[in-house]
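Here is a short set of exercises to work through with the model open beside you. Try each task before reading its solution.

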Amino acid sequence: MARAPITGLVLTGGGARAAYQVGVLRALLQLRREAGVPLAQCRINPFDVICGTSAGAINGAALASRCDDVEAAVDALHGVWHHFHADQVYCADTLGVLRTGSKWLTMLSLGWALRRMCRLRPRSLLDNAPLADLLHDLVPMERLPHLLAQRHLQALAITASGYGSGEHVTFYMSGAPVTPWTRSQRIAVPARLEVPHLLASSAIPFVFPATQLPRRGAMEWFGDGSMRQMAPISPAIHLGAERVLVIGSGRMQEPTERLPAGSAYPSIAQIAGHALSGIFLDALAVDIERLERINRTLALLPPAHRTQSALRPVQALVIAPSQRLDDLAGEHIDALPAPVRALLRGVGVQQGRGARLSRGSTLASYLLFEAPYTRTLIALGEADTRARRDEVCAFFGWGPGGAAGDAIAVAAGGHRATPGGTEGAAASPAGAA
């Protein structure tokens with residue numbers, strides 16, 4: 001019987017948008033059961049390598065730390081995201097918002113005149129201290145060494161960005177030794193992963209404070225791993241993945257209709273939302289395009305030359321939202337606590353319904369850790385995945401025969417990518433990923 005390919009799971013960043021990933025994971029497990037996989041096997045983790053960045057790192061670590069019963073792990077994730085409140089992630093009360101947000105905005109506008117405030121030096125727009133308590137309950141990181149030793153998991157990787165060194169660092173734990181890799185401003189570091197790694201990886205720039213992590217015998221401040229992330233899929237390949245499921249947090253293909261550009265000068269919220277979308281969304285689209293280009297190149301090589309190439313094929317399946325999460329966020333801004341809404345209004349976030357579009361909703365989409373919004377994203381993730389049932393089952397080999405189908409590369413929103421003559425066989429340079 002042929003060995004099953006080593007499967008990697010890549011979870012991207014996006015703050016509250018990561019609720020979509022939970023919906024996808026729930027639907028995947030449901031499809032596995034419906035495909036006739038024996039119940040005894042349904043608890044087994046289908047992902048050998050898990051790589052996460054930002055909020056995706058939190059979801060990935062939560063899954064990895066309970067991967068001896070993957071259905072229970074996803075149920076635990078769903079329980080949090082289905083009942084989410086912003087105060088589980090950041091201080092959303094009036095005092096908490098005043099302590100960080102108002103001082104931060106004042107420093108931006110009047111810092112030159114308020115030098116005495118330098119003693120306070122607010123570090124971020126919001127205080128994410130509550131998130132540490134949530135992570136200690138949701139993610140039992142102390143279980144990872146045992147799970148790796150028992151081969152429930154092959155490797156877990158969490159990516160963060162060093163503010164001091166300027167390097168993009170992937171911290172990883174693996175059951176078997178893996179040689180660290182180094183690329184231009186991208187390095188890998190074996191480490192005992194703990195909650196601070198998750199706090200660092202999910203520290204959205206300007207919004208949440210940086211976290212110190214040990215590296216090279218000293219402490220360095222780290223922020224969101226989506227910053228400077230040029231190759232989101234690369235860590236999974238370096239850790240041995242032969243096929244990769246990527247769950248994104250934004251549309252990979254924009255609809256043909258365009259939103260009205262508007263004539264008003266963009267608010268701080270609009271500019272910030274645009275910048276965050278560049279950080280969280282653009283790198284994945286570029287990496288997928290890179291894989292497809294390499295795949296087309298491999299397809300041109302004769303089989304004998306292909307085996308001698310430094311490139312190797314990697315099956316890739318991408319599932320990403322079929323709807324604009326910005327629009328969905330605009331419909332739920334009023335679910336945020338009043339102090340947070342007031343703070344966001346101060347930077348230009350305005351709610352709109354119907355013909356009057358909300359402004360600055362992109363920024364809000366990353367901070368809307370409220371159940372009405374997260375439940376909507378979970379449902380969207382489930383619907384998007386079930387709509388692609390045949391592709392998912394072929395990718396995992398669920399169904400008659402149990403053998404994985406041809407390599408698949410699927411663009412988001414239900415649009416199928418057809419890169420040349422080998423549909424979906426994404427490839428990556430073995431030595432340059």
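A residue is buried when its relative accessible area is under 20%, exposed when it is over 50%, and partly exposed in between (1.4 Å probe, protein chains only). This is a predicted model, in which local features need pLDDT of at least 70 and side-chain atom pairs count only at pLDDT 80 or more, while totals for chains, interfaces and linings use all residues. Residues are numbered from 1 along each chain as its sequence is written, and side-chain values use heavy atoms, with hydrogens and water left out.

**Exercise 1. Get an overview**

Task: Find how many helices and strands the protein has, and what share of its residues is buried.

Solution:
- Start with the secondary structure, where helices (H or I, at least four residues) and strands (E, at least two) are DSSP runs numbered from the N terminus. The protein has 16 helices and twelve strands.
- Next, take burial: 55% of the 433 residues are buried.
- Finally, look at contacts, meaning heavy atoms within 4.5 Å. Of those between residues at least 6 apart in sequence, 76% join residues at least 24 apart.

**Exercise 2. Check two helices**

Task: Compare the expected span of helix 1 with its reach from first C-alpha to last, then do likewise for helix 15.

Solution:
- The expected span is 1.5 Å times one less than the number of residues.
- Helix 1 has 16 residues and reaches 23 Å, close to the 22 Å expected. Because 13 of its 16 residues are buried, helix 1 is largely enclosed by the rest of the structure. After it comes Gly-36, with a positive phi near 95 degrees.
- Helix 15 (residues 371–386) also has 16 residues, and its end C-alpha atoms lie 22 Å apart, in agreement with the expected 22 Å.
- Now look at burial in helix 15: its buried residues include Tyr-373, Leu-377, Ile-378 and Asp-384. Among the elements that cover the buried residues of helix 15 are helix 1, strand 11 (315–319) and helix 16.

**Exercise 3. Describe a helix pair**

Task: Work out how helix 1 and helix 16 pack, and which residues meet.

Solution:
- Two packed helices are described by the angle between their axes and the distance between the axes.
- Axes are lines fitted to C-alpha atoms, for helices over the stretch in contact, and angles run from 0 to 180 degrees between N-to-C directions. Helix 1 (residues 19–34) and helix 16 (residues 389–396) pack at about 75 degrees, with axes 11 Å apart.
- Angles under 35 degrees count as roughly parallel, over 145 as roughly antiparallel, 65 to 115 as roughly perpendicular and the rest as oblique. Helix 1 is therefore roughly perpendicular to helix 16.
- From helix 1, Leu-28, Leu-31 and Glu-34 meet Arg-389, Val-392 and Phe-396 of helix 16.
- To sort these residues, count Ala, Val, Leu, Ile, Met, Phe, Trp, Tyr, Cys and Pro as nonpolar, Asp, Glu, Lys and Arg as charged, and the others, Gly among them, as polar. The contact has four nonpolar residues, no polar ones and two charged ones.
- Glu-391 also sits in helix 16, and at 17% relative accessibility it counts as buried. Its C-alpha atom is separated by 8.4 Å from that of Leu-317, 74 residues away along the chain.

**Exercise 4. Follow the salt bridges**

Task: Find which residue forms a salt bridge with Arg-386, and which with Asp-68.

Solution:
- A salt bridge is a side-chain nitrogen of Lys or Arg within 4 Å of a carboxyl oxygen of Asp or Glu. The structure holds 13 of them.
- Arg-386 pairs with Glu-34, with the closest N and O atoms 2.8 Å apart. The pair links helix 15 to helix 1 across 352 residues. Arg-386 is partly exposed at 33% relative accessibility, as is Glu-34 at 41%.
- Asp-68 pairs with Arg-143, with the closest N and O atoms 2.7 Å apart. This pair joins two loops, one between helix 2 (55–64) and helix 3, the other between helix 5 (129–138) and helix 6 (144–149). Asp-68 is partly exposed at 29%, and Arg-143 at 28%.
- Shared partners join Glu-167, Arg-215, Arg-216 and Glu-220 into one network.

**Exercise 5. Look at a positive phi**

Task: Find where Arg-216 lies, and decide whether it is buried or exposed.

Solution:
- Arg-216 has a phi near 55 degrees, a positive value in a residue other than glycine.
- Its place is the loop between strand 7 (211–215) and strand 8 (218–224).
- At 67% relative accessibility, Arg-216 counts as exposed.
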